[in-house]
Amino acid sequence: YIANTTSSYPEYERLFATGTLTAWSFFGVAQYEETNWNPMNSADISARDYIHQRNLLIQTYKMSSRVWSETETRQYFNGNNLPYIEEFTKNTSRGPIVFRLFFGNTGLEHDSKAFHAFLKIALIGSQVMIYNGHSGIGKNLNLSSIESNRGYKLTVNQNYQIYFLGSCVPYAYYTDMFFQRKVSAVDSKGT
């Protein structure tokens, strides 16, 4: 637990406003042509990053782990090339934490339908969303382009959220787009 101060962010206590802190961490394969979406036996460099975060959640934060079944995954995405999703849980004094890791293709112009389906879920239903993949030179997380390609709206949760965009130059490409989606009566800048 990290204490809040009156002059710094994030405001950690607000992450438990709904009782449960839910986080999604998306790992996009580094090689868009990669079809092995199981990080436990993939040679893709992003698989190493996935395994590193997985081990941190289990060993350091003592979270329990389970891999989503095909049936569970197909409740949200019923296409080809199912992503690998692993869920970590822990009960804390503040409330339960549910942390989900996604491994698959995140390239807008590649096999990214699964990513978009789960991104939609993460934006509306999580308090923390982490992206670890190519920026696609401003394309892979371009919410308007994803909406146009997929034919559905990506709605963001109006509660307090933290986004971490871990790609090449994400601040230049994506921050304004996410800020605009978070504008509300109490936060005119969406920050």
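Two strands are said to pair if DSSP finds at least two bridges between them. Helices (H or I, at least four residues) and strands (E, at least two) are themselves DSSP runs, numbered from the N terminus. By this rule, β1 and β5 are joined by five bridges and run parallel.

This report describes a predicted model, in which local features need pLDDT of at least 70 and side-chain atom pairs count only at pLDDT 80 or more, while totals for chains, interfaces and linings use all residues. Residues are numbered from 1 along each chain as its sequence is written, and side-chain values use heavy atoms, with hydrogens and water left out.

## The sheet and its helices

Strands of a sheet pair through backbone hydrogen bonds, either parallel or antiparallel. Here, six strands form an open sheet in the order β2-β3-β4-β1-β5-β6, and the pairing is mixed. At the edges stand β2 (64-67) and β6 (162-166), each of which pairs on one side only. On average, neighbouring strands of this sheet are turned by 15° against each other, direction ignored. Such angles run from 0 to 180 degrees between N-to-C directions, and the axes are lines fitted to C-alpha atoms, for helices over the stretch in contact.

Strand β5 (residues 128-132) is joined to β6 by five bridges, and these two strands run parallel. Within that pairing, Ile130 stands opposite Phe164 in β6, and Met129 stands opposite Tyr163 in β6. Towards β1, Val128 in β5 has Ala23 opposite.

How many of the five residues of β5 are buried? Five of the five are buried, and the strand is mostly covered. Buried means under 20% relative accessible area, exposed means over 50%, and partly exposed lies in between (1.4 Å probe, protein chains only). In a regular strand the side chains alternate between the two faces of the sheet. In β5, Val128, Ile130 and Asn132 point one way, whereas Met129 and Tyr131 point the other way.

Two helices lie across strands of the sheet. Helix α1 lies across β1, β2, β3, β4 (96-104) and β5, and runs at about 165° to β4. Helix α3 (residues 113-125) lies across β1, β3, β4, β5 and β6, and runs at about 155° to β1.

## Aromatic side chains

A pair of aromatic rings is described by the distance of the centres and the angle of the planes. Rings of Phe, Tyr and Trp (its six-membered ring) pair if their centres lie within 6.5 Å; planes under 30 degrees apart count as stacked, over 60 as edge-to-face and the rest as tilted. The structure holds 14 such aromatic pairs. One of them is edge-to-face, because the rings of Phe27 and Tyr50 have centres 5.5 Å apart and planes at 70°. Phe27 belongs to strand β1 (residues 21-28) and Tyr50 to helix α1 (residues 45-60), so this pair ties together parts that are 23 residues apart in sequence. Phe27 and Tyr50 are both buried.

A single aromatic cluster is formed by Trp24, Phe26, Trp68, Tyr76, Phe102, Phe115, Phe118 and Tyr131.

A charge sits over a ring if NZ of Lys or CZ of Arg is within 6 Å of the ring centre and within 35 degrees of the ring normal. The charged end of Lys120 sits in this way over the ring of Tyr152, 4.3 Å from its centre.

## Salt bridges

Side chains of opposite charge can pair when their charged atoms come close. A salt bridge is a side-chain nitrogen of Lys or Arg within 4 Å of a carboxyl oxygen of Asp or Glu. The structure holds six salt bridges, including those tabulated below.

| Salt bridge | N to O distance |
|---|---|
| Glu86 and Arg54 | 2.8 Å |
| Arg66 and Glu72 | 2.6 Å |
| Glu70 and Arg74 | 2.9 Å |

Glu86 in strand β3 (residues 84-91) and Arg54 in helix α1 are 32 residues apart, and their pair links distant parts of the chain. Arg54 is buried, with a relative accessible area of 19%. Not counting residues up to four places away in sequence, Arg54 touches Met40, Ser65, Glu86, Phe88 and Leu101, where contact means heavy atoms within 4.5 Å.

Glu70 and Arg74 are four residues apart in helix α2 (residues 70-74), so about one helical turn separates them. Arg74 is partly exposed, with a relative accessible area of 30%. Salt bridges that share partners also join Arg66, Glu72, Glu87 and Arg100 into one network. In this network, Arg66 counts as partly exposed at 36% relative accessibility, whereas Glu72 is buried at 18%.
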